[in-house]
Amino acid sequence: MSWVEMVAFFRELPYFKYLLDITHKVNVMQVEDKQKLRKMIWGVFEDNDLLRTSKSCFGRIPDFEGAYMAALRLRNTLEWQNSETVFSSPDSSLKDVRENVLLDGKVLVMATPKLKNGYILLDPVKVSGNEKKASTIEGAFKLGEMIINFPRIDLVVEGSLGVDLEGNRLGKGRGFADQEIAFLSREEIIGGKTPLCSPVHPMQIVDHVPTEEHDERINMVVTPEMVIRMDKITLKY
């Protein structure tokens, strides 16, 4: 983001107030117990009709209203434009992200649910015309191939239940995202400067996410309204 954009942002005081507001709407979530925080966030979604599906989000990463717009905002970032291979967790909230990866001619690497079957690679050339189907879990199994040799990954996109502005993320409690990021890092498939992004609804941004030693951090959050990097905020596409 250029200095001009930074100046424009700080002149837009309503937006700055908006960011402060969304991180304090759920400030009751300043708890040290992760499971209590999870239940609170799930309750916020259930009680306020913030899901784009009729399924309950308890025990899941919420498939939130606005996920399509968050995917579009991510699609217009430099991080996206500079990437050739994108990694995604299999969460339903990231279906639009995965479809956009393939539509834009990028290679998609997707974790399988619970990592039971490892990782799947989807070649945009091979799935051309079937991008929507290939972005689903069922379609990825049918149209993709199990990975033997990993390509270098330029952008990691993980689903989250909650995030804070220090780069801490909260999953649904089984540690799969942490395992995925740790594996990619350990195998040098990603590096220290690789963007690690999580698209979320604004109500998933909390004051503080309790952390443990094994927790992996992210460095980029995307909402339907803005891009939040851990050192700057962008309101424009």
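## Notebook: charged pairs and rings

I began with D91 and K172, whose side chains meet in a salt bridge at 4.0 Å, N to O. D91 lies in the loop between β1 (85–88) and α6, and K172 lies in the loop between β7 (169–170) and α9, so this pair ties together parts that are 81 residues apart in sequence. A reminder to myself: the model is predicted.

Next I looked up how covered the two partners are. D91 is buried, with a relative accessible area of 12%. K172 comes out at 28%, which counts as partly exposed.

**Entry: the salt bridge count**

How many salt bridges did I find? The count comes to 11 salt bridges. I picked out some of them to follow through the chain.

K34 caught my eye, as K34 forms a salt bridge with D215, and their closest N and O atoms are 2.7 Å apart. This one links distant parts of the chain: K34 sits in helix α3 (residues 34–47), while D215 sits in the loop between β8 (196–199) and β9 (220–222), 181 residues apart.

Are K34 and D215 buried or exposed? I noted K34 as buried, with a relative accessible area of 13%. D215 is buried too, with a relative accessible area of 16%. Both values fall under 20%, so both residues get that label.

I also asked which residues share a network with K34. K34, E212 and D215 are linked in a network of salt bridges.

**Entry: R75 and D104**

I then moved to R75, which forms a salt bridge with D104, the closest N and O atoms being 2.6 Å apart. Here again distant parts of the chain are linked: R75 is in helix α4 (residues 67–75) and D104 is in the loop between α6 and β2, 29 residues apart. R75 is partly exposed, with a relative accessible area of 25%. D104 is partly exposed as well, and its relative accessible area is 32%.

**Entry: a lysine without a partner**

D104 turned up again when I checked K106. Where is K106? I found K106 in the loop between α6 (95–103) and β2 (107–111). K106 is buried yet has no salt bridge. The nearest side chain of opposite charge is D104, 5.5 Å away. Why does that pair not count? A salt bridge needs a side-chain nitrogen within 4 Å of a carboxyl oxygen, so 5.5 Å does not meet the cut-off.

What does K106 touch instead? Leaving aside neighbours within four places in sequence, K106 is in contact with W80, Q81, S83, E84, V86, V101, L122 and P124.

**Entry: the rings**

I turned to the aromatic side chains and found that the structure holds 5 aromatic pairs. One of them is Y119 with F150, an edge-to-face pair at 5.2 Å centre to centre, with 75° between the planes. Y119 is in strand β3 (residues 119–122) and F150 is in the loop between β4 (145–146) and β5 (155–157), 31 residues apart, and the pair links these distant parts of the chain. Y119 counts as buried at 11% relative accessibility. F150 counts as partly exposed at 24%.

Y119 also pairs with F183, and this pair is stacked: 5.4 Å centre to centre, 10° between the planes. Since Y119 lies in strand β3 and F183 in helix α9 (residues 176–186), the pair ties together parts that are 64 residues apart in sequence.

Which residues make up the cluster? I wrote down F87, Y119, F150 and F183, which form one aromatic cluster.

How values were computed
Residues numbered from 1 in each chain as written. Predicted model: local features only at pLDDT ≥ 70, side-chain atom pairs only at ≥ 80, totals over all residues. Heavy atoms only, no water. Helix = DSSP H or I, 4+ residues; strand = E, 2+ residues; numbered from the N terminus. Buried < 20%, exposed > 50% of the residue type's maximum accessible area, 1.4 Å probe, protein only. Lys, Arg positive; Asp, Glu negative; His and termini not counted. Contact = heavy atoms within 4.5 Å. Phe/Tyr/Trp six-rings, centres within 6.5 Å; stacked < 30°, edge-to-face > 60°.
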